[in-house]
Amino acid sequence: MADRQPQEHQCRAPSLLQSSSSSSSSSPTTNHINVFWDDGMLDHDTGEGVFDTGMDPGFLDVLEKHPENSDRIRNMLSILKRGPISPFISWHPSRPALLSELLSFHTREYVDSLLEADKNGGKTFCSGTFLNRGSWNAALLAAGTALSAIKYILDGHAKMCYALVRPPGHHAQPTQADGYCFLNNAGLAVQYALDSGCKKIAVIDIDVHYGNGTAEGFYHSDKVLTISLHMNHGSWGTSHPQSGTTNELGEGAGFGYNLNVPLPNGTGDKGYKYAMTKVVAPAVRKFDPDMMVFVVGQDSSAFDPNGRLCLTMKGYRDIGQIVRNLANDHCYGRILIVQEGGYHITYSAYCLHATLEVTAQSKMELLQW
Ligand SMILES: [Zn+2]
């Protein structure tokens with residue numbers, strides 16, 4: 001890890017109802033969600049092939065777009081712009097992360113390997129994880145989007161921000177890419193918050209896969225409680241050596257500060273609610289964080305090609321409400337929400353909407369599907 005420069009921001013309670021200094025069209029309120037986004041993230045072209053392999057052996061007439069394609073995000077954008085939640089959203093521009101900022105989470109050697117891959121026109125880092133032309137700029141924008149969003153909260157402008165990002169980040173470890181991820185967007189935001197004075201940050205990751213990169217980044221820290229609920233998929237090779245089992249608890253000062261909740265196939269809404277209520281919530285309450293980072297993936301949904309855990313919109317809504325309650329009780333209501341996976345082109349967008357609905361549900365009609 002590189003030396004970290006202290007930031008000028010403090011981890012303090014936000015002032016309510018402050019007006020925005022960004023280009024958003026309306027002033028954020030406590031019921032508003034501040035969404036950070038940049039169209040440049042659509043330029044990450046993951047190609048097509050047989051599922052996520054990028055290969056075409058020539059046997060099929062119809063190939064498939066890589067699951068982590070821009071269409072999924074286009075629909076998330078459109079449902080937030082046209083769905084019932086749209087009046088409660090303020091849109092904010094983003095920026096690419098600086099290389100120096102990446103070194104707060106990733107090693108210089110790894111960042112150099114990404115730069116080299118981009119300079120050479122692309123590289124396959126591991127299974128399904130392709131850095132092509134346009135990918136690096138998108139990755140920098142994704143990291144910068146998460147950093148802009150956490151800064152907005154830390155500066156006291158808002159309680160809730162959502163970083164709509166791709167490529168995703170939670171599998172990216174300090175030293176290597178993994179699972180469609182190059183830079184750990186949520187991890188960079190967490191480190192920024194720590195460097196800004198936050199003392200204890202809870203990360204709740206509900207993507208269907210183990211948030212191994214984020215866990216790895218803070219594995220030795222007692223300042224970050226990393227919690228991941230995921231399919232019990234185990235390790236998937238050298239890019240993902242972590243198992244995601246309950247005995248990965250952290251090391252050194254961080255022992256006891258990584259909580260893995262592997263779930264059986266078909267867990268569904270009731271199973272998730274039980275895990276959130278009986279395992280996650282008590283752990284967060286005991287930790288008593290001053291900031292929460294909610295890492296969301298809609299690949300936990302019932303229709304996702306990459307997951308088998310069968311959440312519906314109601315399940316996402318229930319989880320969102322539990323997280324919202326925890327944030328209200330411990331963090332002045334402050335939550336950074338960071339996008340990860342979610343590969344069903346249409347239902348992922350609806351599940352995202354359901355997750356975010358709870359932030360403004362007193363004033364809006366829930367989206368039924
Ligand atoms: Zn995932």
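## Strand S1 and its two neighbours

In this predicted model, strand S1 (residues 33-36) and strand S4 (residues 89-92) pair in the parallel sense, and four bridges hold the pairing together. Within that pairing, Val35 of S1 has Trp91 as its bridge partner in S4. S1 is also joined to strand S7 (residues 160-163), again with the two strands running parallel, through three bridges. Two of the positions along this second pairing can be named: Asn34 stands opposite Cys161 of S7, and Phe36 stands opposite Ala163 of S7.

The side chains of S1 alternate in direction, with Ile33 and Val35 pointing one way and Asn34 and Phe36 pointing the other way, yet all of these residues are buried. Val35, which bridges to Trp91, and Asn34, which faces Cys161, therefore belong to opposite-pointing sets within a strand whose residues Ile33, Asn34, Val35 and Phe36 are all buried.## The eight-stranded sheet

S1, S4 and S7 belong to an open sheet of eight strands, with parallel pairing, whose order is S4-S1-S7-S12-S11-S8-S9-S10. The edges of the sheet are formed by S4 and strand S10 (258-263), each of which pairs on one side only. From one strand to the next, the twist averages 15 degrees.

Helix H7 (residues 268-287) packs on this sheet, where it touches strand S8 (201-205), strand S9 (224-231) and S10, and the direction of H7 makes about 170 degrees with that of S9.

## Helix H5 and its packing against H4

Helix H5 (residues 185-195) is mostly covered, since 10 of its 11 residues are buried. The buried residues are Asn185, Ala186, Gly187, Leu188, Ala189, Val190, Gln191, Tyr192, Ala193 and Leu194. After H5 comes Gly197, which has a positive phi near 115 degrees.

Helix H4 (residues 135-154) packs against H5, with axes that come within 8 Å and cross at roughly 35 degrees, and H4 passes H5 in a right-handed crossing. On the H4 side the contact is made by Ala142, Ala143, Ala146, Leu147, Ala149, Ile150, Lys151 and Leu154, and on the H5 side by Asn185, Ala186, Leu188, Ala189, Tyr192 and Ala193. Sorted by class, the residues of this contact comprise 12 nonpolar, one polar and one charged.

## The loop between S7 and H5

The loop between S7 and H5 holds Pro167, and a cis peptide bond, with omega about -5 degrees, joins this proline to Arg166. Tyr180 is found in the loop between S7 and H5 as well. Although Tyr180 is not a glycine, its phi is positive, at about 70 degrees. Is Tyr180 buried or exposed? Tyr180 has 29 other C-beta atoms within 10 Å, and because the cut-off for a buried residue is 20 or more, Tyr180 counts as buried.

## Helices H8 and H9

Helix H8 (residues 313-330) and helix H9 (residues 347-357) have axes 7 Å apart and pack at an angle of about 30 degrees. Because angles under 35 degrees count as roughly parallel, H8 and H9 are described as roughly parallel to each other. The crossing of H8 past H9 is right-handed.

Met313, Tyr316, Arg317 and Gly320 of H8 make the contact with Tyr350, Cys351, Ala354, Thr355 and Glu357 of H9. The residues in the contact of H8 with H9 divide into five nonpolar, two polar and two charged.

## The loop between S11 and H8

Gln298 is found in the loop that runs between strand S11 (291-296) and H8. Gln298 is buried, with 31 other C-beta atoms within 10 Å. Leaving aside residues up to four places away in sequence, Gln298 touches Asp304, Gly342, Ser348, Cys351 and Leu352. Of these, Leu352 is 54 residues from Gln298 in sequence, while the C-alpha atoms of the two residues are 6.8 Å apart in space. Cys351, another residue that Gln298 touches, is also among the H9 residues in the contact with H8.

Cys310 likewise has its place in the loop between S11 and H8. The phi of Cys310 is near 65 degrees, which is a positive value in a residue other than glycine. Cys310 is buried, with 20 other C-beta atoms within 10 Å.

Conventions
Residues numbered from 1 in each chain as written. Predicted model: local features only at pLDDT ≥ 70, side-chain atom pairs only at ≥ 80, totals over all residues. Buried ≥ 20, exposed ≤ 12 C-beta atoms within 10 Å, placed from the backbone. Pairing = 2+ DSSP bridges. Axes fitted to C-alpha atoms, helices over the stretch in contact; angles between N-to-C directions. Parallel < 35°, antiparallel > 145°, perpendicular 65-115°, else oblique. Left-handed = near helix turned anticlockwise from the far one by under 90°. Contact = placed C-beta atoms within 7 Å. Nonpolar A, V, L, I, M, F, W, Y, C, P; charged D, E, K, R; others polar.
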